[in-house]
Amino acid sequence: MVDLKLLRTRFRGEVLTAADGARFDSARVAFNAVFDRRPGAIARATGAADVIAAVSFARESRIPLAVRGGGHSVAGYSTIDGGLLLDLGPMKGVRVDSVARRVRAQPGLTWGELDRETQAFGLATTGGRVTSTGIAGFILGSGSGWLERLHGLACDNLLSADVVTADGRLLIASATEHPELFWGLKGGGGNFGVVTEFELALHPVGPTVLGGMLLFARTDAASVCRAYRDLLRDAPAEFGGGIVFLVAPPAPFVPKTLRLEPALGVIVAWFGEHARGQSLLDGLRRAVAPAADLVQPMPYCALQSLVDAGNPPGRRQYWRSDNLRTLDDDTIDAIVACANRATSPFSNIILQPGGHAVASVPDDATPLGGRAAPWQAHCYGSWEGGEDALHIAWVKDTESALAPWAAGHVSLNFVSDADGGRVRAAFGEAKYRRLAALKRAFDPDNLFRLNQNIVPAPP
Ligand SMILES: Cc1cc2nc3c(=O)[nH]c(=O)nc-3n(C[C@H](O)[C@H](O)[C@H](O)COP(=O)(O)OP(=O)(O)OC[C@H]3O[C@@H](n4cnc5c(N)ncnc54)[C@H](O)[C@@H]3O)c2cc1C
């Protein structure tokens, strides 16, 4: 049992326990319903001083600590049974410097909230594809979004971070201050401390972009994937998006014959001149006629919320992802076959193109490797109710089926169970050793271990 008296004397925000009933229950909910956990206490931080207090309290009391930004960890790292959950949700401060094109943002913000603030100035940075995703775990896990081929991953846009380390100090990490710590934060996850503020580079984006979806019958999937692959071979950096295998929603914009049927969506995120984007898409439209053409000029924030409706909180989730060496015809056929065996109407396979700004960052500039990978395949198992084993087996079977083309190094943001082997594989052996040395320097006792854990190097 955690003795909270000491924490309450040091902490300005709420400290909730089961005795707080509904307030405690709503504060402990995670995006992934698989993780229905009951923390010993939830400390809802209002600022850096609260973070220092909670980290110091957990260290001194030797109680397990979980840290939450937006609560979207598919692996359930931001919730805990017993112990202390440090919830950064109330920390939503944000300040845009439109002249310097930078934003300072606190870790309780979601991407929907941050995009709204930066778009008020016609600016944006690479952010999550679902607006409810927290910025904190996303950036610390590298952060992949529609803008990445033009402006890099989220971690490539990180300019500095304020970090509370395991010993309770608040440090500024940047290219010039604690540069090794700064390097580790650009993809090494929550291993090295609690970030209380991010400083990110911004870019002129929109505010109107060309976005939406071309929707095809699933029977056309292999042909569409081939045509999309061929289009992407020479497509400029402004061409973002991807392919999603989905069950079409029963929405008015979906032709009646496709509603609730397996389908294929080409998500379009074009950040250049609209007519040029449309003409690039014409090649695809000519190759296979879409059942619905929903591509149109739209506010950038609307593009960012395009797939929100298909990703509500409260479903059960199990995810695996891999970089692909190639997307040849055999790979495509294997992916289509896997998608056609999906066990839940909410599950998806997503194919995302790499290249341009993602690939042009030197490999050793950030912890994540494999930047040259031309494609990523994400398999998202998502379901309601029971039968976890059935849906998880489909995800694992899909991963096995795609193994011949897998190139490893995938961002751990997209992986449900990041055991030690997977964490090593994501970073590669040399970078893992560098991260383990950094972990020993900043968190030798592994206080921050509810994450894609990097084990401190032995002394
Ligand atoms: C619906 C959905 C859509 C997604 N879309 C994308 C996408 O497009 N691109 C992508 O790259 N990923 C995506 N993800 C994955 C997502 O980036 C990760 O789950 C990420 O961790 C979410 O951030 P969060 O703050 O919500 O996470 P949380 O669950 O709050 O935290 C995740 C991890 O980060 C640590 N952490 C959180 N805040 C801090 C902090 N301030 N300091 C130190 N450590 C911290 C936590 O301890 C935990 O280990 C998506 C996830 C979901 C559920």
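## A walk through three domains

Start by colouring the chain by domain: the assignment gives domain 1 (5-87), domain 2 (94-205) and domain 3 (208-414). Keep in mind that this is a predicted model.

**Stop 1: the sheet in the early part of the chain**

Show the cartoon and look for an open sheet of four strands, with mixed pairing and the order S1-S2-S4-S3. Select 15-16 for strand S1 and 65-68 for strand S3; these two stand at the edges, and each has a single partner strand, so one side of each lacks a neighbour in the sheet. As a reminder, strands of a sheet pair through backbone hydrogen bonds, either parallel or antiparallel.

Now add residues 84-87, which make up strand S4. S3 and S4 run parallel and are joined by four bridges. Which residue in S4 does Arg68 stand opposite? Click across from Arg68 and you land on Asp87.

**Stop 2: stay on Asp87**

Turn on side chains for Asp87 and Arg44. They form a salt bridge, with the closest N and O atoms 2.9 Å apart. This pair links distant parts of the chain: Arg44 sits in strand S2 (residues 41-44) and Asp87 in strand S4, 43 residues apart. If you feel like hunting for others, the structure holds 34 salt bridges.

**Stop 3: where domain 2 meets domain 3**

Next, select 94-205 and 208-414 in two colours, for domain 2 and domain 3. Their C-alpha centres lie 25 Å apart. On the contact side, 32 residues of domain 2 touch 38 residues of domain 3. The two domains bury about 2700 Å² between them, with 57% of that on carbon and sulfur atoms.

How many salt bridges cross this interface? The rule finds one between domain 2 and domain 3. Zoom in on Asp156 and Arg371 to see a salt bridge between their side chains, at 2.7 Å from N to O. Polar contacts are there to look for too: 14 residue pairs across this interface, both partners at pLDDT 80 or more.

**Stop 4: the domain 2 face**

Hide domain 3 and select the helices that each supply at least two residues of the side of domain 2 touching domain 3: H4 (111-119), H5 (135-140), H6 (148-151) and H7 (179-185). H6 gives the largest share of that side, four residues. Finally, colour this face by residue type: the residues divide into 10 nonpolar, 15 polar and seven charged.

Conventions:
Residues numbered from 1 in each chain as written. Predicted model: local features only at pLDDT ≥ 70, side-chain atom pairs only at ≥ 80, totals over all residues. Heavy atoms only, no water. Domains from an automatic or database assignment. Contact = heavy atoms within 4.5 Å. Buried area = accessible area lost by both parts, 1.4 Å probe. Salt bridge = Lys/Arg side-chain N within 4 Å of Asp/Glu carboxyl O. Polar contact = N/O pair within 3.5 Å; in protein donor to acceptor, adjacent residues only side chain to side chain. Nonpolar A, V, L, I, M, F, W, Y, C, P; charged D, E, K, R; others polar. Pairing = 2+ DSSP bridges.
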